[in-house]
Amino acid sequence: MKLISTSNYEKLSQQAGEEIISRIKRNPTLNLGLATGSTPTGLYQELIKDHKQHKTSYKEINTFNLDEYIGISKKDRNSYHYFMCEHLFEHIDIPLDQTHIPDGTAKDLDEECSRYEQFINEHGGIDLQILGIGQNGHIGFNEPGTPFDSRTHIIDLAESTRKANSRFFESLDDVPKQAITMGIASIMDSKEIFLLVSGASKAKALATLMNGDVREDFPASALKNHGNVTIFADKDATALL
Ligand code: GLP
């Protein structure tokens with residue numbers, strides 16, 4: 001894993017943004033894996049800014065999001081569908097039918113998991129996957145203990161994850177208890193991975209990732225077995241390294 005440390009969050013977003021834009025220029029039909037959470041929003045701002053200034057086009061890009069809450073409609077402002085439209089899709093020229101997110105309201109959720117997994121494969125797989133990390137080391141919504149050979153699946157969210165994400169909801173009770181997430185093996189299939197880590201609240205997770213073993217109770221550690229991972233971390237996140 002290659003670690004790029006930056007002095008602050010803005011620089012982290014800029015550097016990750018530049019790398020993504022250069023890959024899109026090289027491959028205008030890139031399959032881009034996207035993440036939600038606060039960490040990638042600065043990066044999405046950079047992509048939007050560049051799109052407006054330099055006209056980088058997303059007309060032939062397909063995007064695949066990591067995860068979605070179960071039981072929240074796409075129109076709900078807490079859904080990851082809504083999040084992605086608000087933070088990125090509405091501001092660039094990507095056709096919405098080329099943006100793909102698991103459907104957390106599907107009647108048959110197991111079938112939705114298999115469909116999503118197969119759909120990504122039919123599109124040739126993900127070229128570049130953006131990831132954040134949870135304080136407990138989760139990637140996507142793969143909580144500690146998720147098998148490394150997991151494919152897209154339904155997950156019970158850890159209480160700590162629900163608490164951490166409750167800041168987006170009116171109350172903790174409103175945070176869904178389950179989500180659909182790409183599995184660890186699905187994420188590991190990506191040709192390249194960018195992991196973004198920002199802030200003091202992630203310093204322990206980053207130190208565990210860099211210095212700890214590869215173990216299923218720390219999902220991000222699977223990334224150590226991937227040959228093409230770049231970690232973008234700001235100063236606060238690298239404080240314990
Ligand atoms: C959620 C998402 C993850 C994300 C994590 C960290 O749980 N499912 O993909 O990495 O939050 O979010 P944040 O960047 O807001 O700390």
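**Figure 1. A close-up of Lys 55, a residue in the loop between α2 (41-54) and β3 (62-65).** Welcome to the tour, which starts on a loop of this predicted model. Lys 55 is not a glycine, and yet its phi is positive, at about 60 degrees. The residue is exposed, with a relative accessible area of 62%. If you are checking backbone torsions in the model, here is one to look up: a positive phi at Lys 55.

**Figure 2. The whole protein, with its seven helices and ten strands.** Let us step back for a moment before the next close-up. The radius of gyration is 17 Å, close to the 18 Å that the globule rule gives for 241 residues, so the protein is as compact as a globular protein of that length. Along the principal axes, the C-alpha atoms fill a box of roughly 45 × 45 × 35 Å. Buried residues make up 56% of the 241. Among contacts with a separation of 6 or more, 79% are between residues 24 or more positions apart. The accessible surface comes to about 10900 Å², and carbon and sulfur atoms hold 47% of that. As for charge, there are 25 positive and 35 negative side chains, and the centres of these two sets lie 6 Å apart.

**Figure 3. An open sheet of seven strands with parallel pairing.** Reading across the sheet, the order is β1-β10-β9-β6-β2-β3-β5. Which strands stand at the edges? They are β1 (2-6) and β5 (99-100); each has a single partner strand, so one side of each is left without a neighbour in the sheet. As a reminder, strands of a sheet pair through backbone hydrogen bonds, either parallel or antiparallel.

**Figure 4. Strand β9 between its partners β10 and β6.** β9 (residues 192-197) pairs with β10 (residues 229-234) in the parallel sense, over five bridges. Two of the bridge partners to pick out are Leu 196 with Phe 232 and Val 197 with Ala 233. Strand β6 (residues 128-131) also pairs with β9 in the parallel sense, here over four bridges. In that pairing, Ile 130 of β6 has Phe 194 of β9 as its bridge partner. How many of the six residues of β9 are buried? Six of the six are, so the strand is largely enclosed by the rest of the structure. The cover applies to both faces: Glu 192, Phe 194 and Leu 196 are buried on one side, and Ile 193, Leu 195 and Val 197 are buried on the other.

**Figure 5. Strands β7 and β8, an antiparallel pair.** These two strands are joined over four bridges. One of the bridge partnerships links Ile 155 to Ala 179 in β8. In a regular strand the side chains alternate between the two faces of the sheet. Strand β7 (residues 153-156) follows with an alternation of its own: His 153 and Ile 155 point to one face and are buried, while Ile 154 and Asp 156 point to the other and are not. Compare this with β9, where both faces are covered.

**Figure 6. Met 182, a buried residue in a loop.** Its loop lies between β8 (178-181) and α6 (184-188). Met 182 counts as buried because its relative accessibility is 0%, under the 20% cut-off. Setting aside residues up to four places away in sequence, Met 182 touches a list of residues that includes Phe 64, Asn 65, Leu 66, Tyr 116, Ile 120 and Ile 126. Also among these contacts are Gln 129, Asn 142, Arg 151, Thr 152, His 153 and Ile 187. Lys 204 is 22 residues from Met 182 along the chain, and their C-alpha atoms are separated by 24 Å.

**Figure 7. Asn 78 and Phe 168, two loop residues that touch.** Asn 78 lies in the loop between β4 (67-69) and α3 (80-87), whereas Phe 168 is found in the loop between α5 (159-165) and β8. Buried or exposed, how does Asn 78 count? Asn 78 counts as buried, with 18% relative accessibility. Phe 168 counts as partly exposed, at 39%. Beyond residues up to four places away in sequence, Asn 78 touches Tyr 69, Ile 72, Phe 168 and Phe 169. With that same exclusion, Phe 168 touches Ser 38 and Asn 78. A last distance to try in your viewer is from Phe 168 to Lys 191: the two are 23 residues apart along the chain, and their C-alpha atoms are separated by 31 Å.

How values were computed: Residues numbered from 1 in each chain as written. Predicted model: local features only at pLDDT ≥ 70, side-chain atom pairs only at ≥ 80, totals over all residues. Heavy atoms only, no water. Rg over C-alpha atoms; globule rule 2.2 N^0.38 Å. Buried < 20%, exposed > 50% of the residue type's maximum accessible area, 1.4 Å probe, protein only. Contact = heavy atoms within 4.5 Å. Areas by Shrake-Rupley, 256 points an atom, 1.4 Å probe, with all protein chains shown as cover. Lys, Arg positive; Asp, Glu negative; His and termini not counted. Charge placed at Lys NZ, Arg CZ, Asp CG, Glu CD. Pairing = 2+ DSSP bridges.
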